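Here are a few worked exercises to go through with the viewer open. Try each task before you read its solution.

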Number of protein chains: 2
Amino acid sequence: MPTKTSPLIKKIEAVVPLQTDERDFIAELERDRRTVSARTDLVKQGEKYPGVGILHSGWAIRYKSLSDGRRQIVNFLLPGDAFGLFANLFELSDHSVATLTDASLSVFSPDLVAEMYRKHPKLAAAFAWFSAREEAIIAERATGLGQRTAFERMAHMLLELLKRLEVVSLANDNKFELPVTQEILADTLGLSLVHANRTMRKLRESGLIEIEGQNIFLRDVRALADVADFDDLYLYLQRMSKQAVKRFSEAV
Amino acid sequence: MPTKTSPLIKKIEAVVPLQTDERDFIAELERDRRTVSARTDLVKQGEKYPGVGILHSGWAIRYKSLSDGRRQIVNFLLPGDAFGLFANLFELSDHSVATLTDASLSVFSPDLVAEMYRKHPKLAAAFAWFSAREEAIIAERATGLGQRTAFERMAHMLLELLKRLEVVSLANDNKFELPVTQEILADTLGLSLVHANRTMRKLRESGLIEIEGQNIFLRDVRALADVADFDDLYLYLQRMSKQAVKRFSEAV
DNA sequence: GTCTTCTATTCACATTTGTTAAGGAGCAGC
DNA sequence: GCTGCTCCTTAACAAATGTGAATAGAAGAC
């Protein structure tokens, strides 16, 4: 039964319930899997998209580089997340994607996405939803980078990861694995490595979080949310309205 | 002939050439116009989308607010830009949209967008392109907020505005109107008002730009691009490939 | 026209964050 | 068990940016 419970399917069904043929189509997309080791580039800024991909296990990042080496991590890719969806439209990518850990993923032709849109409007709706959510997540990151302090940003990011991991059953009881170096955190939050470390320490010292190796425990989610001014509206975790599904079914 | 040369049509035709029926459909969308005065909220964070809108003239911003009043301007809306496209999917908006200047715009039901997708795949492709570009712009803004200095950010933003305004014939000879207070610039760049002012002054003093009232002249675009590490790939200003158009035509 | 309110500008000073440097813990390879 | 990595941690100091306050010109209200 690994198919039925794949992270992608969990993610989709959190938004719109699927029927058997739709689940089968996803299973088909996901059938062909590759294993990739940590720190492998999957998409390179300025180069062609290799196709559309789905991450099954492991973590990856989407990032942009400046010519002098500075880089901004724009988003995390967690199990169930897709990348390169714009391969459909754009020739070249303006960002890179790289694995942080060993990972398992499927890559396929954009034509398959087009086929999905044609045959399975509900899936199309779900993917549109994910694209829109991706944009919302990036906008929220920009907001944090522009307006929040280092402390607030760190707290906010941890809460976001918690919420997103819960959807794919990778977080429980406010605990999850965070397979990420502090350098990655720094480049995500727009901080220097040293300051990222300082900030983490403050979070630990204030009793809001607890860290043991790669495992993190958000001890007081309420307080963290308060500190970070975290409002999960932007993650659009609710179910899609019937009306929206209908609009897609008719449109396509 | 105001229809044919509307900013939206210019924007679309920069990406994919249109036929008469497609232009007519856009003209139909744009027929019903409203005039709105400066500093009017068009979409409110946490509330329902009023619909989908197209801006014909004037400037607006898309922004996110924190509960203590801080706000991040996530993107500028220039003539020809759309807002609220996600009204299709999401019930509530995670961001606000407000005019900066007096503006003229059209608002219509998401159902019309669905109809467009059904009847005019080329237009659907163009709108998908714009959505993807919007995300790319926000990702680039996040990159600037996280990695670039105030000086670099300011230079980068001015170059972005120049490029985007050129598409809709609102910039010529590296000059354009910038109907924006320094407070707006500050909230866009994640700076304090005072620092935004300081940064502007440095740009003026270094001879890179010239300002007279609301008119700005980028005296040395090459040098600005160098300072800002500006690469316009993320604006995806090229024409859509035939293959991509085809994929859309078949998909929908 | 006069009065108010915005907006731009600058100063002096406070704070956050970055930089450089160094040491230590953990782990893979030998 | 050593050696060389990578990653975490901390300290001292430097630089960038924020804050509060004051002034002046410009624009809008009446």
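## Exercise 1: How the two chains are related

Keep in mind throughout that this is a predicted model. A turn of 180° and a shift of 0.0 Å along the axis lay chain A on chain B with an RMSD of 0.0 Å.

**Task.** Work out what kind of axis relates chain A to chain B, and find the C-alpha of chain A nearest to that axis.

**Solution.**
- Step 1. Two copies of a chain are related by a rotation about an axis and a shift along it.
- Step 2. Here the turn is 180° and the shift is 0.0 Å, so this is the relation of a two-fold axis.
- Step 3. In chain A, the C-alpha of A:A142 is the nearest to the axis, 2.2 Å from it.

## Exercise 2: The contact between chains

**Task.** Say which element of chain A gives the most to the side that touches chain B, and why the copies meet through the same surface.

**Solution.**
- Step 1. Start with the head count: 46 residues from chain A and 46 residues from chain B take part.
- Step 2. Sort the chain A side by element: β5 (71–77), α3 (110–119), α4 and α9 (242–251) of chain A give two or more residues each.
- Step 3. Pick the top contributor, which is α4(A), with 14 residues.
- Step 4. Sort by class, and the chain A side comes out as 24 nonpolar, 10 polar and 12 charged residues.
- Step 5. Compare the two sides: 100% of the interface residues of chain A are interface residues in chain B too, so the copies meet through the same surface.

## Exercise 3: α4 against α4

**Task.** Describe how α4(A) packs on α4(B): what are the angle, the distance between the axes and the residues that meet?

**Solution.**
- Step 1. Two packed helices are described by the angle between their axes and the distance between the axes.
- Step 2. Helix α4 (residues 121–147) of chain A and its counterpart α4 (residues 121–147) of chain B pack at about 25°, with axes 9 Å apart.
- Step 3. Angles under 35 degrees count as roughly parallel, and α4(A) and α4(B) are therefore roughly parallel to each other.
- Step 4. Their crossing is left-handed.
- Step 5. On the chain A side, E134, E135, I138, A139, R141, A142, L145 and G146 of α4(A) take part, and they meet B:E134, B:E135, B:I138, B:A139, B:R141, B:A142, B:L145 and B:G146 of α4(B).
- Step 6. By class, that contact has eight nonpolar, two polar and six charged residues.

A:A142 turns up here again: this residue of α4(A) is in the helix contact, and its C-alpha is the one in chain A nearest the axis.

## Exercise 4: Two packings of α5

**Task.** Classify the packing of α5(A) with α8(A) and of α5(B) with α7(B): oblique or roughly perpendicular?

**Solution.**
- Step 1. In chain A, α5 (residues 150–167) and α8 (residues 221–228) pack at about 130°, with axes 8 Å apart, and α5(A) and α8(A) are therefore oblique to each other.
- Step 2. The crossing of α5(A) past α8(A) is left-handed.
- Step 3. A:F151, A:E152, A:A155, A:H156, A:L158 and A:L159 of α5(A) meet A:V221, A:L224, A:A225, A:V227 and A:A228 of α8(A), a set of nine nonpolar, one polar and one charged residues.
- Step 4. In chain B, α5 (residues 150–167) and α7(B) pack at about 70°, with axes 9 Å apart, which makes α5(B) roughly perpendicular to α7(B).
- Step 5. B:A150, B:F151, B:M154 and B:A155 of α5(B) meet B:H195, B:T199, B:M200, B:K202 and B:L203 of α7(B), with six nonpolar, two polar and one charged residues in that contact.

## Exercise 5: The DNA strands

**Task.** For each DNA strand, find how many residues surround it and which helix gives the most.

**Solution.**
- Step 1. DNA strand D has 15 residues around it, and the closest are A:T181, A:Q182, B:A150, B:V194 and B:H195.
- Step 2. α7(A) supplies the largest share of the surface near strand D, five residues.
- Step 3. DNA strand C has 14 residues around it, and the closest are A:A150, A:V194, A:H195, B:T181 and B:Q182.
- Step 4. Near strand C, α7(B) gives the most, with five residues.
- Step 5. By class, the surface near strand D has six nonpolar, seven polar and two charged residues, and the surface near strand C has six nonpolar, six polar and two charged.

Technical notes
Residues numbered from 1 in each chain as written. Chains lettered and ligands numbered in written order. Predicted model: local features only at pLDDT ≥ 70, side-chain atom pairs only at ≥ 80, totals over all residues. Near = placed C-beta within 6 Å. Helix = DSSP H or I, 4+ residues; strand = E, 2+ residues; numbered from the N terminus. Nonpolar A, V, L, I, M, F, W, Y, C, P; charged D, E, K, R; others polar. Axes fitted to C-alpha atoms, helices over the stretch in contact; angles between N-to-C directions. Parallel < 35°, antiparallel > 145°, perpendicular 65-115°, else oblique. Left-handed = near helix turned anticlockwise from the far one by under 90°. Contact = placed C-beta atoms within 7 Å. Least-squares fit on C-alpha atoms with pLDDT ≥ 70 in both.
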